[in-house]
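Here are my notes on the structure, set out as numbered points. Please have the model open as you read.

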Amino acid sequence: MRASIRKISKFEPLTFIFSLLLLVLFLFISITLSNMIIRQIFDDFEGLVKAVENRAVISSIFLSLYAGFLATLVALILGVPAGYILARFDFPGKSLVESIIDVPVVVPHTVAGIAILTVFGSKGLIGGPLEAYIQFRDALPGIVVAMLFVSLPYLANSAREGFKSVDPRLENAARSLGAPLWKAFLFVTLPLSARHILIGAIMTWARAISEFGAVVLIAYYPMIGPTLIYDRFLSYGMSASRPIAVLLILVMLSIFIVVRVLSAGWSIYDRD
Amino acid sequence: MIEIESLSRKWKNFTLEKLSLKIEIGEYFVILGPTGAGKTLLLELIAGFHSPDTGKILIGGKDVTHLPPEKHDLVFVYQDYSLFPHMSVEKNIEFGMHMKKIKSKEKLFEIARDLKITHLLDRYPLKLSGGEQQRVALARALVTDPEVLLLDEPLSALDPRTQETARELLSTIHKNKERLTVLHITHDQTEARIMADRIAIIMDGKLMQVGTPEEIFEKPVDSQVASFVGFENMLSGRVISADRGLLRIETSEMIIEASGDIEVGSQVHALLRPENIVLSKTSTDSSVRNSLQGRVTEVWTLGALVRVKVDCGILLNALITRQSAEEMNILPGISVYAQFKVSSVHVLR
């Protein structure tokens, strides 16, 4: 891949037009977000301060981050081993399994919410038998399950790509030097795919935090950030909900920037 | 000692068939075959990376057929050396030591000194040249004191000059470790000839011949092996007389003489290396009993040697020096005598 990236040196109409379109894409995203943030800061800084001081706002944002973190943790435990199997072995029905793992990405979020409610609700396939021990409806476990469902594909897929990028011969070499498979995995394959998995985890976490539709159906309360924003918007309108939105995006952006900076030193050892 | 007993394995649309082979302790054994013959598959089966469909593999008398690779008491060195890119050279060498619970920094430094990589210990594999990577891979393998070293095309990723040094290095390693069995696979005949105590020829998943380099290169057992090891010219015919080791063989175009002991009337192949054919403008040289008149059809210059195709009724390939080609003014269309000694014809039934 690296060899295909070159500096733009000569004028080519196609490169020029594509670059313009890239600029449009970039502006669309950055203007939409920065305009909201800037307007909030300059037009209604007081509202932002009030939002920071409001316990309900802070606890909903914290709940978003925390539930997203738990969902990512579960996704790591499930997605990394799954990714390894998918990367290393061929088995009948493998492409079916891979397509099904991708389905949550394309399912409308409210549909995912209904499906989760059906399974994890108090009369559901899993929620029913577990009702005496664990409550999903309007509780943290429900939020985590909804977040997990919509974000798991990101982790499973990037773990799979990460493991695929590690030459199986490196594993063979490790094994012929005396390492059982689990040591070869732990000391060779896993470190070499760590960056892929980290990026997958960040994507999973971001996706989990941004989920609204699926979460709101199984757990309106306790309110996560996006639910609170929606709730305030319906009850009091734009001026009440925008400060929370700005706060949420600022917190998320700063966390992503920190993680990216910290992981920038990690190298990628792709096969060519 | 490695004993392989009627090993079979299907792999995609390729089959390794009922292969049996015995490799002695301390032997430098080369498996030679064309690309795609199943050499790497065989080596990976011995290493335990795949399981055979049928058959047995014994290493040092122990049946390892269904044991995982880490229990095979051997080290596999891949063609691209498979160094761990996220570990320094030192950590790479220590990897096998940790796995085999060898705790001796002394040993690490000793092997690094032997393989002249002490100055590289802090470097990372991706920053090393091919020759350096190979020495690190060998150090990583040898530091664990394996009984068997499996080498998958160890020289083919190196440039010609480094190849020579690497060849010497491998020979030295083998000489210094009396009980170390080396199993080396290659498609390069010269490499096999120089390095091997014994050679096995594998073609298309089948074991064709096992023997010393001399046996393989001078007395191939069938025409397929013969053509692979460089007997490019094959004449088929019938023995019409046999007298005290001298055969006369009649082909559809000519009669040639060869040494051998085969009864009259047998159908045979007479095989001849291109470098054993001498081209001459006259047929006077009496020490050579085979002298066939023909016409040069093609001439290619390959550096110091010239390859010439001569039509003597059938096409013969000859390899002569550039100097003699120039002296005789060999050009397409001229008439020459292709001459070869009785003893350089290898006769196969």
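1. Let us start with chain A: of its 272 residues, 34% are buried. Please keep in mind throughout that this is a predicted model. Chain A has 13 helices and 0 strands, so to speak of its order along the sequence is to list one α after another: α-α-α-α-α-α-α-α-α-α-α-α-α. Along the principal axes, the C-alpha atoms of chain A fill a box of roughly 65 × 65 × 30 Å. Among the contacts in chain A with a separation of 6 or more, 78% are between residues 24 or more positions apart.

2. Next, the meeting of the two chains. Here 16 residues of chain A are in contact with 19 residues of chain B. On the chain A side, the elements that give two or more residues are α8 and α9. Of these, α8(A) gives the most, with 7 residues. Sorted by class, this side of chain A has 10 nonpolar, 3 polar and 3 charged residues.

3. Which helices of chain A do the buried residues of α2(B) pack against? They are α8 (168-176) and α9 (181-192), and within chain B the packing partners are α3 (105-114) and α4 (130-142). Helix α2 of chain B covers residues 89-99 and is mostly covered, with 8 of its 11 residues buried. Those buried residues are B:Val89, B:Glu90, B:Asn92, B:Ile93, B:Phe95, B:Gly96, B:Met97 and B:Met99. After the helix comes B:Lys101, with a positive phi near 55°.

4. Do take a look at B:Ala139 as well. Leaving aside residues up to four places away in sequence, B:Ala139 touches B:Ile93, B:Ile111, B:Ala112, B:Leu115 and B:Ile117. One of these, B:Ile93, is among the buried residues of α2(B). B:Ala139 also belongs to the residues with the most contacts inside the largest nonpolar core.

5. That core deserves a point of its own. The largest nonpolar core has 151 residues, and A:Ala146, A:Met147, B:Val77 and B:Leu150 join B:Ala139 as those with the most contacts inside it. Helix α7 of chain A (residues 140-164) gives the most to this core, with 14 residues. Why does the core lie between domain 1 and domain 2 of chain B? Because both domain 1 (2-227) and domain 2 (231-348) give residues to it. As general background, nonpolar side chains tend to be buried together in soluble globular proteins.

6. Now for the two domains of chain B. The domain assignment places domain 1 at 2-227 and domain 2 at 231-348. Their C-alpha centres lie 39 Å apart. Across the boundary, 6 residues of domain 1 are in contact with 7 residues of domain 2. By class, the side of domain 1 that touches domain 2 has 2 nonpolar, 2 polar and 2 charged residues.

7. Finally, a hairpin in chain B. Strand β9 (residues 198-203) and strand β10 (residues 206-211) run antiparallel and are joined by 5 bridges. B:Ile202 has B:Leu207 in β10(B) as its bridge partner. How many residues lie between the two strands of the hairpin? There are 2, and B:Asp204 in the turn has a positive phi of about 55°.

Methods. Residues numbered from 1 in each chain as written. Chains lettered and ligands numbered in written order. Predicted model: local features only at pLDDT ≥ 70, side-chain atom pairs only at ≥ 80, totals over all residues. Buried ≥ 20, exposed ≤ 12 C-beta atoms within 10 Å, placed from the backbone. Helix = DSSP H or I, 4+ residues; strand = E, 2+ residues; numbered from the N terminus. Contact = placed C-beta atoms within 7 Å. Nonpolar A, V, L, I, M, F, W, Y, C, P; charged D, E, K, R; others polar. Domains from an automatic or database assignment. Core = buried A, V, L, I, M, F, W, Y, C linked by C-beta atoms within 7 Å. Pairing = 2+ DSSP bridges.
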